[in-house]
Structures are given as structure tokens and as C-alpha cells.
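Colleague: I should like to learn how to read a structure feature by feature. May we go through some examples together?

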Amino acid sequence: MSEQNQNGRRVGEVILDLQNISLRFGGVKALTDISFNVKEHEIRAIIGPNGAGKSSMLNVINGVYHPQEGRIVFHGEERKKMEPHMAATQGIARTFQNIALFKGMSVLDNIMTGRITKMKCGFLEQALYLGRAQKEELAHREKVEEVIDFLEIQHIRKTPVGRLPYGLQKRVELGRALAAEPSLLLLDEPMAGMNVEEKQDMCRFILDVNDQFGTTIVLIEHDMGVVMDISDRVVVLDYGKKIGDGTPDDVRNNQEVISAYLGVAH
Amino acid sequence: MQFFFEVLIGGLLSGVMYSFVALGFVMIYKASGVFNFAQGAMVFFAALTFVGFQEMGAPFWLALILAFGAMVLLGIATERIVLRPLVNQPHITLFMATIGLTFFVEGLAQGIWGSTVRGLDLGIQDEPIEWIMDKAGILVSSFDLFAAGVAAALVTLLALFFQYTRVGRALRAVADDHQAALSIGIPLQNIWRIVWAVAGFVALVAGLLWGARNGVQFALTFTALKALPVLILGGFTSVPGAIVGGLIIGSTEKLAEVYLGGYVGGGIDSWFPYVMALAFLLIRPEGLFGEKHIDRV
Amino acid sequence: MLYREAGQFKTSYAADQQIFPIRQDRIAIGLILVVAALVVPMVASEYWIKAILIPFLIFSLAALGLNILTGYAGQLSLGSAAFMAVGAFAAYNFMGRIEGMPVLLAFVGGGLSAAAVGILFGLPSLRIKGFYLAVATLAAQFFIVWALTKFGWFSMDSSSGVITAQEIQILGYRFDTPISLYLLVLTIVAVMALAAKNMVRSSVGRAWMAVRDMDVAAEVIGIRIMHTKLLAFAISSFYCGVAGALYAYAYLGTVEPEGFNLDLSFKILFMIIIGGVGSIMGSFLGAAFIVLLPIFLDVLIQDFLTGLLPPSISSNLQLMVFGGLIIFFLIVEPHGLARLWQIGKEKLRLWPFPH
């Protein structure tokens with residue numbers, strides 16, 4: 001079934017299919033008639049100038065915004081009305097453009113929170129902290145420590161996240177998303193505001209996640225170098241409309257994309 | 001039907017009193033984003049200070065000026081000691097700080113002037129106006145009407161101040177966007193001081209009217225709490241909202257007490273405004289005139 | 001014995017996730033409990049037990065309740081006293097209306113009733129936040145006190161809603177001396193504090209804090225906001241309700257609805273601000289502080305400043321000191337005494353070689 005693509009990744013079937021999505025806020029059209037799909041195991045990038053509707057697109061995918069028109073099919077099932085927390089239980093995790101960590105909690109607790117949908121004990125059991133509740137807590141702690149090892153942040157696990165530098169916070173946020181063991185990971189500008197070394201680290205983590213866990217990734221990124229290097233296919237948005245879709249090379253040579261980025265000479 | 005109108009008008013006019021307190025809230029909230037729980041305590045402080053100076057033998061105008069001076073000092077001190085160190089803290093922290101301020105100001109007022117209940121005489125009769133009595137057969141107190149007149153004058157004055165003076169313009173800029181206002185050189189702290197002084201003035205006017213009506217006593221601070229549901233109804237940032245909200249709360253609470261109170265043992269005006277505000281919140285969280293706030297991810 | 005963790009290596013995650021990971025802390029907590037249970041009843045005077053220790057413990061429990069809601073789940077409430085009232089009056093009704101009702105069960109019933117009312121008044125928190133919610137909780141405060149006063153049913157038709165607590169009997173033993181009441185309260189508070197500590201270090205506590213710190217992100221992670229907030233309201237009100245029942249049964253004996261007024265709500269709020277928002281330990285420190293401060297001020301005015309200040313100033317001075325301290329703590333140490341305590345411990349870990 002699966003074929004090897006040019007990056008040597010084994011890309012599978014379509015797992016997320018967005019058809020003719022339109023989203024309005026009052027009279028403002030954020031997204032107009034956008035269709036594209038995401039295949040299993042691939043790294044799919046969404047690019048576009050500021051205000052093109054990229055973050056709105058992610059918010060539609062994980063149920064924060066509800067498009068007025070269009071169909072969303074995830075894992076072969078058409079999605080009806082849904083709440084954001086339901087996206088999480090279906091295996092969609094994400095990070096945010098402006099870091100959205102829980103500032104008052106430690107790195108460990110933040111990442112533990114990422115596993116919340118998998119924890120089954122009620123508050124009464126937890127109040128007693130005996131038997132099942134304790135076992136569950138420990139089992140999840142082990143999983144979380146795996147994530148911590150993976151992201152190489154062992155030394156800061158007990159530090160309150162508010163005290164961490166920006167780059168590390170971004171990494172912790174990725175950790176929180178990974179802790180949920182998502183099948184689809186949405187990354188909103190994971191490398192914004194980072195220096196070159198931090199970007200390289202982050203790229204490595206993203207590729208490793210994709211490679212080791214087979215996680216499908218949709219990411220928004222402004223750094224074209226990064227996008228062209230790591231993604232399999234790219235969607236280009238401009239003013240809420242799709243103006244390009246294809247492999248990095250296709251997109252690079254697309255006249256409409258070039259004019260959207262560089263402006264058109266009149 | 002006449003009785004209904006009497007209750008309604010009585011309620012509307014007592015609502016004007018709530019509006020006074022709410023006005024002070026709105027101004028401070030607009031200019032600094034601080035939800036000033038202490039506005040009620042400031043009303044109490046102002047009234048007590050005025051009466052205190054009068055008891056020391058000061059004539060009306062002097063006592064008024066001295067009390068206003070005290071309010072300005074209180075406002076400046078609050079800005080300097082409480083607000084400035086808490087700049088950029090979460091709103092809820094500032095809110096709790098103003099609860100602390102409430103206790104402090106109440107203690108201070110009574111510490112200086114004593115805790116006894118005092119009368120306050122503005123020389124206005126609290127009697128029904130005969131002319132209206134004859135024409136419509138409805139009892140309307142001249143004092144209430146006077147209070148309504150003062151409210152109208154005060155709101156006009158404030159509107160002119162905000163609309164046409166330099167300070168007013170700067171203030172509106174600050175209310176819109178602190179950072180932007182700072183970046184074009186508006187001295188934020190001066191503005192805050194002025195706002196607190198103006199809020200102090202509004203508190204003084206409210207204190208005088210309240211005091212003349214019900215005597216100057218600690219219970220004033222509880223009545224002033226009813227400005228909170230008024231704000232929820234009117235929206236935290238709207239001056240007309242404060243007025244309309246006050247009128248709605250004042251009239252519904254009186255009507256509810258008269259027409260519903262009898263069935264449940266009375267005294268429902270102690271909670272009716274809050275429950276009404278609560279019900280209203282569920283339908284329209286941003287208030288009648290407030291701006292809708294959208295969370296962005 | 002020095003306060004050191006050197007040599008205490010954790011070899012498993014279980015060891016790292018203990019309730020008190022440092023051995024000296026475990027010993028200290030054990031010692032405090034032993035002293036509180038065995039030594040205090042022997043040495044403390046009746047005045048201390050009745051007027052200071054029992055109210056301190058009860059207020060700690062109420063502060064714990066409010067801290068769960070405000071400190072951990074981030075929902076500000078100005079109505080804690082009303083939920084205490086529900087607990088007290090519900091326990092009174094369970095005792096009075098059901099023949100042979102075990103008193104502990106009545107306390108639990110009081111707590112559960114408060115939890116139910118808490119959920120009801122917590123519903124608005126699903127749509128509103130911050131000071132809007134604070135005003136909404138004022139509705140609970142005023143409405144509940146009014147209802148308990150106006151409807152004779154709640155106080156089993158005693159005059160103006162005053163209730164007089166029935167005698168406490170457990171397994172045939174009568175709790176009528178101050179020491180026995182103190183030990184009963186101590187046991188209940190210790191157990192509930194332990195339960196609270198366990199909750200806040202488990203996933204339910206993390207869900208509360210996540211909602212507090214950033215609700216949008218919390219929802220995207222899969223936390224059900226409504227469920228989490230209402231659970232916080234329920235558990236917080238349960239704690240306040242039990243505290244209210246103890247307030248009536250073990251402290252005052254006779255209490256009227258007005259006894260649970262807005263002032264009491266503010267007092268409990270001050271306890272958590274001064275003690276430490278979002279800290280179990282802070283609830284106890286804050287309660288101790290607020291219980292002791294007025295006594296301290298009275299002594300100060302009567303014994304040391306005799307004649308300098310009129311005695312009538314005491315209550316006003318109290319208001320000013322309370323208010324001033326709140327502002328002081330919010331500015332200087334927003335995490336309250338609990339944070340100071342923690343800093344003290346950090347220093348102690350390094351002492352006497354701080355570099």
C-alpha cells in the first residue's frame with residue numbers, strides 16, 4: 001500500500017481530508033473554500049503570509065473553530081459538531097503559536113497533563129492515592145519520562161515552566177503534545193523566534209517524532225528553508241484561499257505563490 | 001396602577017444612587033483595567049470626611065473642598081502605593097488588592113472620624129412634591145428628584161470632560177490601549193492619578209446624597225456593593241451602561257420587593273440584584289453596552 | 001539533625017512521587033501530628049483550645065476548600081461563608097430529622113449538600129470568568145444567607161433561623177469537653193488535608209491548574225472544562241460545608257445564618273491570600289495568621305499602647321491591618337507565607353554554607 005516518497009518516508013493512506021472548508025467570523029472571511037488532505041506518516045506544511053488563515057486552519061482541524069461550510073473526514077469518519085477536547089481523545093495534539101504552557105506548573109506536571117485523556121481514575125481514588133490511582137500515576141510517569149528523555153530535558157523536569165528560556169518552553173510544549181501519543185500532531189510555528197541552533201534541534205525532534213513514532217505532522221512555518229527541507233507536501237494559503245498545493249518543488253515554481261510572497265510587478 | 005408607578009419611580013430614583021457608585025467603577029476600569037472593589041468604601045470615606053469636617057465647624061463649601069482634597073490625596077496615595085507596584089499583574093490580583101484597600105479605607109475612615117452613625121443635611125426636603133401629587137396622584141420625593149438632577153449634571157460634566165479636554169482625550173487613548181498610549185508619550189501614571197481623583201469626586205457626590213438619605217454609617221458600604229450587579233448589567237466600560245444599569249437594578253429590586261417579596265417573607269432586595277445580574281450574565285456576558293471580547297489562540 | 005537531602009537517592013519514580021519526598025519533611029509532619037494529638041491536649045489551656053486551636057483548624061479546612069477552587073482551579077469566589085452555612089444547616093437537619101443519624105454521616109451530608117449548592121452556583125463559571133464570576137458568587141452569598149433566615153424549614157422553625165447544635169456522640173462516646181472536640185476536629189481536618197494534597201498532585205489537580213493557567217490550551221489537550229470546573233466547585237464546597245458543620249458543632253454551638261456573612265467570606269479569602277494561593281500548607285498558615293492577628297492586636301493595644309489609643313480603635317485598626325497586609329502580600333509576596341516558608345527551607349538546605 002505505502003510508497004516511498006522522495007524523503008524516504010513511507011507515506012500511507014489519507015487520514016485527514018478537508019473538503020471545501022469555509023470559516024467566517026461575523027462578516028470577516030477567514031477561510032474560503034479550502035480543500036486539501038493529509039496522508040498517514042507524512043509531514044505536511046501550511047505556509048502563507050501573515051493573516052492568510054494558517055492558524056485558523058489548525059483551529060478548524062482540532063475543533064476550536066467550527067467552519068460554516070465544508071466536510072472534515074478524519075480516519076474515514078465524517079466529523080460532526082465537536083468540542084476541542086474531543087479532538088484530543090481522537091488522537092490530535094497540537095502546539096501553539098504563542099506558547100500556551102501552564103505557567104504555574106513544573107515541566108513534569110505540564111507533560112503529565114498531556115496524558116490526561118488516558119488517565120481513568122476518579123477523584124475519589126486519587127484523593128486516597130492508593131492502589132489503582134498510584135499505579136496509574138506511576139505508569140504514566142514512566143511514559144512521560146520517555147518523552148522527557150526523547151526531548152533531552154531531564155535536567156529541568158522539576159523547574160516551573162515560567163522560568164525557562166523561550167526555546168526550552170517550545171520544547172516542553174512539544175513534549176506535552178507528544179505525551180498524548182497523538183496520531184496527528186499539529187505544530188503552529190514550532191521554530192518561530194528561535195536561533196539557528198535551536199531551529200536545528202527542533203527540526204531534528206520533528207523528524208525523529210515522525211520517524212520513530214510514525215506520527216503524522218501538520219506544521220505551519222515561516223522559515224522557507226526548513227519547510228522545503230523537511231516537508232513532504234506543502235499547502236499555500238493567501239487571504240484565506242488556497243493558492244498552491246504540492247511537493248516543495250511544485251510550490252517553489254508556482255507563479256501564484258511567488259507573486260503572493262514577493263508581490264506582483266505591475 | 002398609581003401605586004405601581006410610585007414604586008417604579010421610587011426605584012428608578014434610588015437606582016440613580018447605584019449609578020453614582022458604578023460611575024466611579026467604570027472610570028477607573030476604563031483607564032486602568034482595575035476593577036475597583038473599594039469604590040463603595042471610598043463613598044463611605046468621602047461622606048464621613050465631609051460630615052467630620054462639618055462637625056469641626058467648617059461651613060458647607062469648605063467641608064466640601066476639604067473632603068474633595070482628602071479624596072484626591074487618597075486617590076494619589078492609592079495609585080502610588082497600591083497600583084504602581086502591581087502594574088502588569090493579573091487583573092484578579094489587582095482586584096484582590098482593591099478588596100484589601102476596601103478594608104483599609106473603611107478602617108481608616110472610622111479610625112479618624114469614629115464609628116457613630118451621623119446625619120447629613122444638604123438642606124433639601126425629602127418630601128413628596130405637591131405639584132406632582134396634585135396632577136398625577138403619585139408620590140415623588142423632591143430629594144430623589146434633586147439626586148436625579150445631580151446625576152444628570154454630573155454625567156454631562158464627565159462627558160464634556162472626557163470629550164473636550166486634553167486630559168480627557170489622553171484618558172480615552174489610555175482606555176483603548178495602554179501600550180500605544182504610552183508609546184506616544186501620554187504619562188500613564190498622571191492619567192491614573194487624575195482618574196482616581198475624579199473617581200474620588202464622584203464618590204464624594206455619591207456619599208453626600210447617600211448620606212443625606214440614609215445617614216452616614218457603615219451599612220453604606222453594603223449598599224454600595226449593589227453597584228456590582230449594576231456594572232454587570234451595564235458593562236464595565238460604559239458610562240451610559242452604568243446609568244441605565246443603575247436604573248434597571250433600582251427599579252426591578254423595588255418592584256420585586258413589593259410584588260414578590262410578600263410571598264417569600266420579604267427582604268429579597270438583599271439578593272435580587274445579584275441574582276438578576278447572574279441571570280443576565282448567562283445571556284449576555286459582556287453587558288448591555290460592553291464590548292464583546294473574543295479569545296484568540 | 002540537619003535539614004539535608006544528601007544521601008537520599010531516589011531509585012524509582014514511586015519514591016520520587018511520594019507525598020513528602022524529603023525524609024526530614026516526613027519526620028516533621030509526623031512530629032507535628034503527634035504533638036498536635038498528644039502534647040497539645042496535655043499542655044494547652046481551655047482558652048487556647050476553645051478560642052484559638054479549634055477555630056484555627058476549622059478555618060484551615062474552609063481555607064483549604066477555597067484554595068482548591070481559587071488557588072488551584074483559578075475560580076475566584078466571594079461566597080465561601082455561604083457554603084459553610086449550607087454545610088452547617090444541612091448537618092443540623094440531618095441530625096434533627098433522622099432518628100439515630102450518626103454525627104459523622106451528618107457532617108458528610110452537610111458537605112454533600114454544600115457540594116450540590118456549589119455546583120449550582122458554579123454553573124455560571126462555564127461562561128464567565130474573573131470578577132464577573134466573583135460578583136456571581138456574591139449572589140450565592142446573599143441569597144443563601146437570606147434563604148436560611150427566611151425559611152423556617154431550614155432551621156426547623158427556630159426563631160430567626162438560629163440553630164443550636166445537637167450533642168456529638170460517636171459509638172457511644174460523647175464529645176462534650178473542649179479536648180475531645182479538638183481531637184475530633186483535628187482528625188477530620190488532617191484526613192481531609194491529606195486527601196486534598198493527594199488530589200492536587202494527581203491528574204485531577206493538574207486538570208484544575210491547567211484550567212487556571214490557560215483554559216484554551218487545557219481544552220485542546222483534552223481536559224473537559226465544564227467537568228473540571230464543576231468538580232472544583234463541588235469539592236471546594238464540600239470542604240467548606242464540612243468546615244461549616246464543624247463551625248456550628250465543635251466551635252460555636254449556636255449559630256445564625258448571619259454568622260456566615262460576607263465578612264467571613266472575605267476572612268477566608270484573606271487566609272489564602274496571606275497564607276498562599278495554590279498551597280495546602282498555605283491554607284493552614286493563613287488560617288493561623290488570621291486567627292491570631294486580632295488577638296495579637298488586642299494585646300498590643302491593651303498592654304503596650306495603653307492610653308495611647310482608645311480601645312474602640314481596635315476593630316478599626318484590625319480592618320486597616322488586614323487590608324494593609326493583603327496589599328502588602330500581593331505586592332511583595334503574591335504566593336504568601338507558604339512561599340516564605342519554602343524559601344526558608346531552601347535556605348536551611350544550604351545552611352550553614354550558603355555558597
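Colleague: In which helix is B:Arg169 found?

Modeller: Please keep in mind that this is a predicted model. B:Arg169 belongs to helix H7 of chain B.

Colleague: Is B:Arg169 buried, partly exposed or exposed?

Modeller: The general idea is that a residue is buried under 20% relative accessible area, exposed over 50%, and partly exposed in between. B:Arg169 has a relative accessibility of 47%, and therefore counts as partly exposed.

Colleague: Which residues form the positive surface patch?

Modeller: The patch consists of B:Lys30, B:Arg166, B:Arg169 and B:Arg172. Helix H7 of chain B, residues 166-176, supplies the largest share of this patch, namely 3 residues.

Colleague: Which residues form the nonpolar patch on the surface?

Modeller: That patch is made by C:Val34, C:Val35, C:Leu38, C:Val39, C:Met42 and C:Val43, and together they have about 570 Å² of accessible area. One of them, C:Val34, lies in helix H2 of chain C, which covers residues 23-43. The cut-offs apply here as well: C:Val34 counts as partly exposed because its relative accessibility is 41%.

Colleague: Let us turn to strands. In what order do the 4 strands of the open sheet in chain A lie?

Modeller: The order is E4-E3-E6-E7, with antiparallel pairing. At the edges are strand E4 (28-39) and strand E7 (77-78) of chain A, each of which pairs on one side only.

Colleague: How many bridges join strand E3 of chain A to E4(A)?

Modeller: Strand E3, residues 14-25 of chain A, is joined to E4(A) by 8 bridges, and the two run antiparallel. As an example of facing residues, A:Phe25 is opposite A:Val28 in E4(A).

Colleague: Why is strand E5 of chain A described as largely enclosed by the rest of the structure?

Modeller: One counts the buried residues along the strand. In strand E5 of chain A, residues 43-47, 5 of the 5 residues are buried, so the strand is largely enclosed by the rest of the structure. A:Ile43, A:Ala45 and A:Ile47 point one way from E5(A), whereas A:Arg44 and A:Ile46 point the other way; all are buried.

Colleague: With which strands does E5(A) pair in the parallel sense?

Modeller: E5(A) runs parallel to strand E10 of chain A, residues 216-220, and 4 bridges join them. E5(A) also pairs in the parallel sense with strand E11 of chain A, residues 233-238, over 4 bridges. A:Ala45 illustrates both pairings: its bridge partner in E10(A) is A:Leu219, and its bridge partner in E11(A) is A:Val234.

Methods:
Residues numbered from 1 in each chain as written. Chains lettered and ligands numbered in written order. Predicted model: local features only at pLDDT ≥ 70, side-chain atom pairs only at ≥ 80, totals over all residues. Heavy atoms only, no water. Patch = residues over 30% accessible without salt bridge, like charges linked within 9 Å, V, L, I, M, F, W, Y side chains within 5 Å. Areas by Shrake-Rupley, 256 points an atom, 1.4 Å probe, with all protein chains shown as cover. Salt bridge = Lys/Arg side-chain N within 4 Å of Asp/Glu carboxyl O. Lys, Arg positive; Asp, Glu negative; His and termini not counted. Charge placed at Lys NZ, Arg CZ, Asp CG, Glu CD. Buried < 20%, exposed > 50% of the residue type's maximum accessible area, 1.4 Å probe, protein only. Pairing = 2+ DSSP bridges.
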